[in-house]
Amino acid sequence: MATILLAGGAGYIGSHTAVELLNAGYDVVAADNFSNSSPESIRRVEEITGKPVKLYEADIRDNAKLAQIFRENSIDAVIHFAGLKAVGESVAKPLKYYRNNIDTTLSLLETMQEAGVRNIIFSSSATVYGEENPVPYLETMQRGVCTNPYGWTKAMMEQIFEDAAKADPMLSVILLRYFNPIGAHPSGRIGEDPLGIPNNLMPYVTQVAVGKREFLTIFGNDYPTKDGTCMRDYIHVVDLAKGHVKAVAYVLGHSGTEVFNLGTGTPYSVNDIVNTFERVNGVKVAHVYGDRRAGDLPEFYANADKAAALLDWKTEKTLEDMCRDAWNWQKQNPDGYRNPD
Ligand code: NAD
Ligand code: UFG
(Lines give C-alpha, C1' and ligand atoms only; values in the text may rest on other atoms or scores of the structure.)
(Ligands and ions follow the chains in the order given, each with its own letter.)
Protein backbone atom coordinates (compact mmCIF):
# COMPACT_ATOMS: atom_id res chain seq x y z
CA MET A 1 0.00 0.00 0.00
CA ALA A 2 1.12 3.55 -0.66
CA THR A 3 2.78 5.85 1.88
CA ILE A 4 1.25 9.29 2.38
CA LEU A 5 3.05 12.32 3.87
CA LEU A 6 0.73 14.58 5.85
CA ALA A 7 2.24 18.09 6.05
CA GLY A 8 0.52 19.69 9.05
CA GLY A 9 -0.70 16.22 9.97
CA ALA A 10 -1.01 16.84 13.73
CA GLY A 11 -3.79 19.42 13.24
CA TYR A 12 -7.54 19.02 13.38
CA ILE A 13 -8.22 17.76 9.85
CA GLY A 14 -4.80 16.09 9.44
CA SER A 15 -5.21 13.89 12.51
CA HIS A 16 -8.69 12.72 11.44
CA THR A 17 -7.38 12.03 7.93
CA ALA A 18 -4.49 10.03 9.41
CA VAL A 19 -7.01 7.76 11.16
CA GLU A 20 -9.00 7.14 7.97
CA LEU A 21 -5.88 6.55 5.85
CA LEU A 22 -4.50 4.05 8.36
CA ASN A 23 -7.89 2.31 8.56
CA ALA A 24 -7.87 2.06 4.75
CA GLY A 25 -4.43 0.37 4.86
CA TYR A 26 -2.15 3.28 3.88
CA ASP A 27 1.10 4.04 5.72
CA VAL A 28 1.26 7.53 7.17
CA VAL A 29 4.20 9.86 7.78
CA ALA A 30 3.33 13.17 9.46
CA ALA A 31 5.34 16.40 9.65
CA ASP A 32 4.33 19.39 11.74
CA ASN A 33 5.94 22.28 13.60
CA PHE A 34 3.16 22.15 16.23
CA SER A 35 2.50 25.89 15.86
CA ASN A 36 -1.21 25.12 16.23
CA SER A 37 -1.20 21.51 17.44
CA SER A 38 0.48 18.98 19.65
CA PRO A 39 2.20 15.61 19.10
CA GLU A 40 -0.42 14.21 21.48
CA SER A 41 -2.94 14.13 18.60
CA ILE A 42 -0.73 11.74 16.65
CA ARG A 43 -0.21 9.57 19.74
CA ARG A 44 -3.98 9.27 19.93
CA VAL A 45 -4.26 8.48 16.21
CA GLU A 46 -1.96 5.53 16.92
CA GLU A 47 -4.10 4.56 19.90
CA ILE A 48 -7.37 4.67 17.87
CA THR A 49 -6.00 2.70 14.93
CA GLY A 50 -3.45 0.45 16.66
CA LYS A 51 -1.00 1.43 13.90
CA PRO A 52 2.20 3.51 13.97
CA VAL A 53 2.66 6.96 12.43
CA LYS A 54 6.18 8.21 11.73
CA LEU A 55 6.14 11.76 13.09
CA TYR A 56 8.66 14.50 12.27
CA GLU A 57 8.85 17.83 14.07
CA ALA A 58 9.49 19.97 11.01
CA ASP A 59 8.73 23.35 9.57
CA ILE A 60 7.32 22.74 6.09
CA ARG A 61 9.23 25.84 4.88
CA ASP A 62 12.52 24.05 5.63
CA ASN A 63 13.62 22.52 2.32
CA ALA A 64 16.55 20.64 3.87
CA LYS A 65 14.27 18.97 6.41
CA LEU A 66 11.73 18.09 3.72
CA ALA A 67 14.49 16.60 1.57
CA GLN A 68 15.50 14.46 4.56
CA ILE A 69 11.90 13.26 5.00
CA PHE A 70 11.66 12.35 1.32
CA ARG A 71 15.05 10.56 1.54
CA GLU A 72 14.11 8.54 4.59
CA ASN A 73 10.65 7.50 3.36
CA SER A 74 9.29 6.32 0.05
CA ILE A 75 6.46 8.84 -0.24
CA ASP A 76 3.79 8.25 -2.92
CA ALA A 77 1.63 11.30 -2.25
CA VAL A 78 1.58 14.40 -0.06
CA ILE A 79 -1.43 16.00 1.58
CA HIS A 80 -0.70 19.65 2.36
CA PHE A 81 -2.64 20.72 5.47
CA ALA A 82 0.11 22.95 6.89
CA GLY A 83 -1.11 26.50 7.14
CA LEU A 84 -2.35 29.29 9.33
CA LYS A 85 -6.13 29.57 9.20
CA ALA A 86 -7.50 32.30 11.48
CA VAL A 87 -9.31 34.77 9.24
CA GLY A 88 -9.25 37.68 11.75
CA GLU A 89 -5.56 37.23 12.57
CA SER A 90 -4.76 37.20 8.85
CA VAL A 91 -6.22 40.72 8.57
CA ALA A 92 -4.05 41.93 11.47
CA LYS A 93 -0.91 40.04 10.40
CA PRO A 94 -1.11 39.57 6.63
CA LEU A 95 2.65 39.13 6.09
CA LYS A 96 2.79 36.27 8.60
CA TYR A 97 0.02 34.53 6.63
CA TYR A 98 1.50 35.12 3.19
CA ARG A 99 4.96 34.04 4.43
CA ASN A 100 3.82 30.85 6.11
CA ASN A 101 1.15 29.65 3.74
CA ILE A 102 2.83 30.46 0.42
CA ASP A 103 6.30 29.33 1.54
CA THR A 104 5.08 25.93 2.79
CA THR A 105 3.55 25.35 -0.63
CA LEU A 106 6.64 26.43 -2.57
CA SER A 107 8.95 24.34 -0.38
CA LEU A 108 6.80 21.26 -0.79
CA LEU A 109 6.61 21.62 -4.57
CA GLU A 110 10.37 22.26 -4.87
CA THR A 111 11.43 19.34 -2.71
CA MET A 112 8.85 16.99 -4.23
CA GLN A 113 10.28 17.77 -7.66
CA GLU A 114 13.82 17.01 -6.46
CA ALA A 115 12.66 13.78 -4.83
CA GLY A 116 10.54 12.69 -7.80
CA VAL A 117 7.27 12.72 -5.83
CA ARG A 118 4.47 13.61 -8.22
CA ASN A 119 1.18 13.56 -6.30
CA ILE A 120 -0.20 16.23 -4.01
CA ILE A 121 -3.55 17.07 -2.45
CA PHE A 122 -4.08 20.56 -1.11
CA SER A 123 -6.40 21.85 1.65
CA SER A 124 -8.15 24.72 -0.03
CA SER A 125 -11.31 26.47 1.09
CA ALA A 126 -14.74 27.51 -0.12
CA THR A 127 -13.52 31.02 0.63
CA VAL A 128 -11.83 31.13 -2.80
CA TYR A 129 -15.27 31.46 -4.45
CA GLY A 130 -15.30 35.00 -3.06
CA GLU A 131 -18.28 37.28 -2.64
CA GLU A 132 -19.79 37.35 -6.11
CA ASN A 133 -20.45 33.75 -7.12
CA PRO A 134 -24.03 32.51 -6.66
CA VAL A 135 -24.74 29.54 -4.38
CA PRO A 136 -24.42 26.60 -4.52
CA TYR A 137 -20.75 26.87 -5.45
CA LEU A 138 -19.62 24.80 -8.43
CA GLU A 139 -16.02 23.90 -9.23
CA THR A 140 -16.38 25.37 -12.74
CA MET A 141 -16.94 28.88 -11.33
CA GLN A 142 -14.06 31.35 -11.45
CA ARG A 143 -12.28 32.07 -8.20
CA GLY A 144 -13.65 35.30 -6.77
CA VAL A 145 -12.47 38.32 -4.83
CA CYS A 146 -11.52 37.14 -1.34
CA THR A 147 -12.46 39.17 1.73
CA ASN A 148 -9.26 38.63 3.74
CA PRO A 149 -5.55 37.70 3.42
CA TYR A 150 -6.19 34.11 4.58
CA GLY A 151 -8.56 33.63 1.65
CA TRP A 152 -6.07 35.23 -0.73
CA THR A 153 -3.33 32.82 0.37
CA LYS A 154 -5.65 29.93 -0.61
CA ALA A 155 -6.48 31.51 -3.97
CA MET A 156 -2.79 32.23 -4.65
CA MET A 157 -1.74 28.73 -3.66
CA GLU A 158 -4.38 27.24 -6.00
CA GLN A 159 -2.84 29.35 -8.80
CA ILE A 160 0.67 28.18 -7.90
CA PHE A 161 -0.43 24.54 -8.04
CA GLU A 162 -2.17 25.04 -11.38
CA ASP A 163 0.90 26.69 -12.89
CA ALA A 164 3.24 24.01 -11.52
CA ALA A 165 1.02 21.26 -12.95
CA LYS A 166 0.90 22.98 -16.34
CA ALA A 167 4.68 23.15 -16.44
CA ASP A 168 5.20 19.55 -15.32
CA PRO A 169 2.90 17.06 -17.05
CA MET A 170 3.90 14.38 -14.53
CA LEU A 171 2.49 16.38 -11.62
CA SER A 172 -0.91 15.33 -10.24
CA VAL A 173 -2.67 17.92 -8.10
CA ILE A 174 -6.01 17.82 -6.32
CA LEU A 175 -7.38 21.01 -4.81
CA LEU A 176 -9.97 20.19 -2.14
CA ARG A 177 -12.24 23.09 -1.26
CA TYR A 178 -13.52 22.41 2.23
CA PHE A 179 -16.75 23.94 3.43
CA ASN A 180 -17.22 24.14 7.24
CA PRO A 181 -15.67 21.14 9.01
CA ILE A 182 -16.99 20.51 12.53
CA GLY A 183 -17.35 17.54 14.89
CA ALA A 184 -14.76 15.05 16.05
CA HIS A 185 -13.86 11.38 15.89
CA PRO A 186 -16.69 9.41 17.59
CA SER A 187 -14.18 8.00 20.12
CA GLY A 188 -13.77 11.50 21.58
CA ARG A 189 -9.98 11.01 21.55
CA ILE A 190 -9.16 13.50 18.79
CA GLY A 191 -10.91 16.76 17.91
CA GLU A 192 -10.52 20.47 17.30
CA ASP A 193 -8.26 22.15 19.86
CA PRO A 194 -8.11 25.89 19.26
CA LEU A 195 -5.58 27.97 21.17
CA GLY A 196 -7.18 30.88 23.03
CA ILE A 197 -10.59 32.27 22.14
CA PRO A 198 -12.12 30.18 19.34
CA ASN A 199 -12.72 31.98 16.04
CA ASN A 200 -15.10 29.39 14.68
CA LEU A 201 -18.64 28.62 15.69
CA MET A 202 -18.60 25.02 16.92
CA PRO A 203 -15.59 25.24 19.28
CA TYR A 204 -17.17 28.37 20.75
CA VAL A 205 -20.47 26.53 21.25
CA THR A 206 -18.77 23.59 22.98
CA GLN A 207 -16.74 25.89 25.24
CA VAL A 208 -19.92 27.70 26.32
CA ALA A 209 -21.64 24.37 26.96
CA VAL A 210 -18.73 23.11 29.09
CA GLY A 211 -18.65 26.36 31.11
CA LYS A 212 -15.36 27.80 29.82
CA ARG A 213 -17.12 30.79 28.22
CA GLU A 214 -20.17 32.60 29.46
CA PHE A 215 -22.20 32.93 26.27
CA LEU A 216 -22.05 32.72 22.51
CA THR A 217 -22.54 35.88 20.49
CA ILE A 218 -24.43 35.07 17.30
CA PHE A 219 -23.08 37.48 14.71
CA GLY A 220 -26.19 39.01 13.17
CA ASN A 221 -29.82 37.94 12.96
CA ASP A 222 -30.90 40.30 10.21
CA TYR A 223 -29.51 38.40 7.22
CA PRO A 224 -31.83 37.48 4.33
CA THR A 225 -32.02 33.84 5.46
CA LYS A 226 -34.83 31.67 6.89
CA ASP A 227 -34.19 32.82 10.49
CA GLY A 228 -31.94 35.84 9.95
CA THR A 229 -28.68 34.06 10.93
CA CYS A 230 -25.96 33.02 8.45
CA MET A 231 -26.18 29.68 6.67
CA ARG A 232 -23.18 27.40 6.10
CA ASP A 233 -22.45 23.93 4.74
CA TYR A 234 -21.24 22.15 7.91
CA ILE A 235 -19.45 18.87 7.23
CA HIS A 236 -18.47 16.21 9.77
CA VAL A 237 -14.67 16.04 9.97
CA VAL A 238 -14.77 12.23 9.63
CA ASP A 239 -16.69 12.53 6.33
CA LEU A 240 -14.14 15.13 5.25
CA ALA A 241 -11.28 12.81 6.22
CA LYS A 242 -12.82 9.98 4.18
CA GLY A 243 -12.94 12.37 1.23
CA HIS A 244 -9.15 12.58 1.47
CA VAL A 245 -8.84 8.79 1.29
CA LYS A 246 -10.84 8.86 -1.95
CA ALA A 247 -8.74 11.78 -3.21
CA VAL A 248 -5.53 9.82 -2.55
CA ALA A 249 -6.76 6.95 -4.72
CA TYR A 250 -7.64 9.48 -7.44
CA VAL A 251 -4.44 11.53 -7.33
CA LEU A 252 -2.26 8.43 -7.69
CA GLY A 253 -3.74 7.61 -11.08
CA HIS A 254 -4.05 11.06 -12.54
CA SER A 255 -2.13 14.04 -13.90
CA GLY A 256 -2.92 17.75 -14.10
CA THR A 257 -5.07 19.70 -11.65
CA GLU A 258 -8.52 18.68 -10.46
CA VAL A 259 -10.71 20.69 -8.07
CA PHE A 260 -13.33 19.19 -5.75
CA ASN A 261 -15.77 20.73 -3.32
CA LEU A 262 -16.00 18.76 -0.08
CA GLY A 263 -19.31 19.70 1.50
CA THR A 264 -22.71 18.16 2.10
CA GLY A 265 -24.68 20.45 -0.22
CA THR A 266 -27.09 21.36 2.59
CA PRO A 267 -26.80 24.63 4.50
CA TYR A 268 -27.80 25.13 8.14
CA SER A 269 -28.16 28.36 10.08
CA VAL A 270 -26.34 29.38 13.26
CA ASN A 271 -29.66 28.97 15.09
CA ASP A 272 -29.94 25.41 13.68
CA ILE A 273 -26.52 24.61 15.15
CA VAL A 274 -27.38 25.98 18.59
CA ASN A 275 -30.81 24.32 18.68
CA THR A 276 -29.56 20.93 17.44
CA PHE A 277 -26.60 21.00 19.84
CA GLU A 278 -28.91 21.69 22.80
CA ARG A 279 -31.42 19.02 21.73
CA VAL A 280 -29.08 16.10 21.04
CA ASN A 281 -26.80 16.76 23.99
CA GLY A 282 -29.36 17.90 26.56
CA VAL A 283 -27.28 20.98 27.47
CA LYS A 284 -27.91 24.71 27.24
CA VAL A 285 -25.83 27.05 25.09
CA ALA A 286 -26.34 30.56 26.45
CA HIS A 287 -26.37 33.00 23.56
CA VAL A 288 -27.09 36.59 22.59
CA TYR A 289 -27.54 38.20 19.19
CA GLY A 290 -24.86 40.73 18.30
CA ASP A 291 -23.70 42.75 15.33
CA ARG A 292 -22.73 41.17 12.04
CA ARG A 293 -19.08 40.10 11.79
CA ALA A 294 -17.13 41.92 9.06
CA GLY A 295 -16.61 39.80 5.96
CA ASP A 296 -19.31 37.19 6.69
CA LEU A 297 -21.44 36.15 3.73
CA PRO A 298 -25.15 35.46 4.40
CA GLU A 299 -25.07 31.95 2.96
CA PHE A 300 -22.82 29.56 1.09
CA TYR A 301 -22.87 25.85 0.39
CA ALA A 302 -21.43 23.32 -2.01
CA ASN A 303 -22.66 21.63 -5.07
CA ALA A 304 -21.11 18.27 -4.13
CA ASP A 305 -21.94 16.37 -7.34
CA LYS A 306 -18.42 16.29 -8.78
CA ALA A 307 -16.91 14.55 -5.76
CA ALA A 308 -19.79 12.05 -5.80
CA ALA A 309 -19.26 11.31 -9.50
CA LEU A 310 -15.46 11.21 -9.75
CA LEU A 311 -14.32 10.31 -6.22
CA ASP A 312 -17.27 8.06 -5.36
CA TRP A 313 -17.60 10.03 -2.12
CA LYS A 314 -20.50 11.51 -0.32
CA THR A 315 -21.13 12.54 3.25
CA GLU A 316 -22.87 10.09 5.58
CA LYS A 317 -23.11 11.93 8.90
CA THR A 318 -25.95 14.17 10.05
CA LEU A 319 -25.96 17.50 11.85
CA GLU A 320 -26.94 15.53 14.96
CA ASP A 321 -23.79 13.40 14.60
CA MET A 322 -21.67 16.55 14.23
CA CYS A 323 -23.13 18.11 17.39
CA ARG A 324 -22.95 14.89 19.42
CA ASP A 325 -19.34 14.15 18.46
CA ALA A 326 -18.17 17.73 19.03
CA TRP A 327 -19.64 17.63 22.54
CA ASN A 328 -18.24 14.17 23.28
CA TRP A 329 -14.72 15.45 22.44
CA GLN A 330 -15.12 18.66 24.46
CA LYS A 331 -16.52 16.87 27.53
CA GLN A 332 -13.74 14.28 27.56
CA ASN A 333 -11.02 16.89 26.90
CA PRO A 334 -12.06 20.19 28.49
CA ASP A 335 -8.51 21.50 27.95
CA GLY A 336 -8.02 19.90 24.55
CA TYR A 337 -4.64 18.16 24.31
CA ARG A 338 -3.27 20.16 27.24
CA ASN A 339 -3.20 18.19 30.50
CA PRO A 340 -3.57 14.88 28.62
CA ASP A 341 -4.31 11.70 30.53
P1 NAD B 1 -4.94 23.15 12.11
O2 NAD B 1 -4.36 24.45 12.51
O3 NAD B 1 -5.53 22.30 13.16
O4 NAD B 1 -3.87 22.29 11.29
C5 NAD B 1 -2.84 22.88 10.53
C6 NAD B 1 -1.54 22.26 11.00
O7 NAD B 1 -0.46 22.82 10.25
C8 NAD B 1 -1.25 22.53 12.48
O9 NAD B 1 -0.95 21.30 13.11
C10 NAD B 1 -0.03 23.47 12.46
O11 NAD B 1 0.80 23.28 13.58
C12 NAD B 1 0.61 23.07 11.15
N13 NAD B 1 1.46 24.09 10.53
C14 NAD B 1 1.16 25.38 10.23
N15 NAD B 1 2.22 25.98 9.65
C16 NAD B 1 3.22 25.05 9.59
C17 NAD B 1 4.54 25.06 9.11
N18 NAD B 1 5.09 26.16 8.57
N19 NAD B 1 5.27 23.92 9.22
C20 NAD B 1 4.74 22.82 9.77
N21 NAD B 1 3.49 22.73 10.23
C22 NAD B 1 2.72 23.85 10.13
O23 NAD B 1 -6.04 23.46 10.97
P24 NAD B 1 -7.07 22.47 10.26
O25 NAD B 1 -8.42 22.92 10.62
O26 NAD B 1 -6.67 21.06 10.48
O27 NAD B 1 -6.81 22.89 8.76
C28 NAD B 1 -5.95 22.17 7.91
C29 NAD B 1 -5.89 22.89 6.58
O30 NAD B 1 -7.21 22.99 6.04
C31 NAD B 1 -5.35 24.31 6.68
O32 NAD B 1 -4.56 24.58 5.54
C33 NAD B 1 -6.61 25.16 6.63
O34 NAD B 1 -6.38 26.42 6.10
C35 NAD B 1 -7.49 24.33 5.70
N36 NAD B 1 -8.93 24.61 5.89
C37 NAD B 1 -9.47 24.47 7.13
C38 NAD B 1 -10.82 24.77 7.32
C39 NAD B 1 -11.44 24.67 8.69
O40 NAD B 1 -12.51 25.23 8.90
N41 NAD B 1 -10.84 23.97 9.66
C42 NAD B 1 -11.60 25.19 6.24
C43 NAD B 1 -11.02 25.29 4.98
C44 NAD B 1 -9.66 24.99 4.81
N1 UFG C 1 -20.45 32.66 14.27
C2 UFG C 1 -21.16 33.26 15.31
N3 UFG C 1 -20.51 33.40 16.51
C4 UFG C 1 -19.23 32.97 16.72
C5 UFG C 1 -18.53 32.36 15.65
C6 UFG C 1 -19.18 32.24 14.44
O7 UFG C 1 -22.30 33.65 15.15
O8 UFG C 1 -18.71 33.17 17.83
C9 UFG C 1 -21.13 32.48 12.99
C10 UFG C 1 -20.47 33.25 11.85
O11 UFG C 1 -20.96 34.55 11.78
C12 UFG C 1 -20.86 32.39 10.66
C13 UFG C 1 -20.98 30.98 11.21
O14 UFG C 1 -21.09 31.14 12.62
O15 UFG C 1 -22.14 32.77 10.22
C16 UFG C 1 -19.77 30.12 10.91
O17 UFG C 1 -18.60 30.84 11.30
P18 UFG C 1 -17.16 30.15 11.35
O19 UFG C 1 -16.19 31.19 11.80
O20 UFG C 1 -17.23 28.87 12.10
O21 UFG C 1 -16.92 29.77 9.83
P22 UFG C 1 -16.85 30.71 8.55
O23 UFG C 1 -17.92 30.24 7.64
O24 UFG C 1 -16.79 32.13 8.85
O25 UFG C 1 -15.38 30.36 8.06
C26 UFG C 1 -15.11 29.19 7.39
C27 UFG C 1 -13.69 28.70 7.65
C28 UFG C 1 -12.68 29.61 7.03
C29 UFG C 1 -13.04 29.98 5.62
C30 UFG C 1 -14.44 30.53 5.58
C31 UFG C 1 -14.90 30.90 4.22
O32 UFG C 1 -13.44 28.58 9.03
O33 UFG C 1 -11.46 28.89 6.98
O34 UFG C 1 -15.32 29.53 6.07
O35 UFG C 1 -14.83 29.76 3.40
F36 UFG C 1 -12.21 30.94 5.15
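## The second largest pocket

A pocket is an open set of grid points where a 1.4 Å probe fits, with protein on both sides within 12 Å along at least five of seven lines, and a residue belongs to its lining if it has an atom within 4 Å of a point. In this structure, which is a predicted model, the second largest pocket is lined by 22 residues, and those lying nearest its centre are Glu 192, Pro 194, Gln 207, Trp 329 and Gln 330. The space within this pocket comes to about 210 Å³.

Two helices deserve attention here, since α7, which covers residues 201-209, and α11, which covers residues 319-332, each supply at least two residues of the lining. The largest share, 4 residues, comes from α7. When the lining of the second largest pocket is sorted by class, it is found to have 9 nonpolar, 7 polar and 6 charged residues.

## The surroundings of ligand 2

Around ligand 2 there are 20 residues, of which Leu 201, Thr 217, Arg 232, Arg 293 and Asp 296 come nearest. Strand β8, made up of residues 216-219, provides the largest share of this shell, with 4 residues. By class, the shell around ligand 2 consists of 11 nonpolar, 6 polar and 3 charged residues.

Which residues place a polar atom close to an oxygen atom of ligand 2, and at what distance? In the side chain of Arg 232, an N or O atom is 2.7 Å from an oxygen atom of the ligand, while for the side chain of Arg 293 the corresponding distance is 2.8 Å. With Phe 219 the backbone is involved, as one of its polar backbone atoms is 2.9 Å from an oxygen atom of ligand 2. Taken alone, ligand 2 exposes 690 Å², and the protein buries 89% of that area.

## A sheet of three strands

The structure also contains an open sheet of 3 strands, arranged in the order β12-β9-β14 and showing mixed pairing. The strands at its edges are β12, residues 268-269, and β14, residues 299-300, each of which pairs on one side only.

Strand β9, which spans residues 231-232, is joined to β12 by 2 bridges, and these two strands run antiparallel. Within this pairing, Met 231 stands opposite Ser 269 of β12. Strand β9 also links the sheet to the ligand described above, because a strand is a run of residues assigned by DSSP and the run for β9 covers 231-232, so that Arg 232, whose side chain has an N or O atom 2.7 Å from an oxygen atom of ligand 2, belongs to this strand.

Definitions and conventions:
Residues numbered from 1 in each chain as written. Chains lettered and ligands numbered in written order. Predicted model: local features only at pLDDT ≥ 70, side-chain atom pairs only at ≥ 80, totals over all residues. Heavy atoms only, no water. Near = heavy atom within 4 Å. Polar contact = N/O pair within 3.5 Å; in protein donor to acceptor, adjacent residues only side chain to side chain. Areas by Shrake-Rupley, 256 points an atom, 1.4 Å probe, with all protein chains shown as cover. Nonpolar A, V, L, I, M, F, W, Y, C, P; charged D, E, K, R; others polar. Pairing = 2+ DSSP bridges. 1 Å grid on protein atoms, 1.4 Å probe; cavity = no way out; pocket = protein on both sides within 12 Å on 5 of 7 lines; lining within 4 Å. Points joined across faces, edges and corners; volume = space filled by probe spheres on them.
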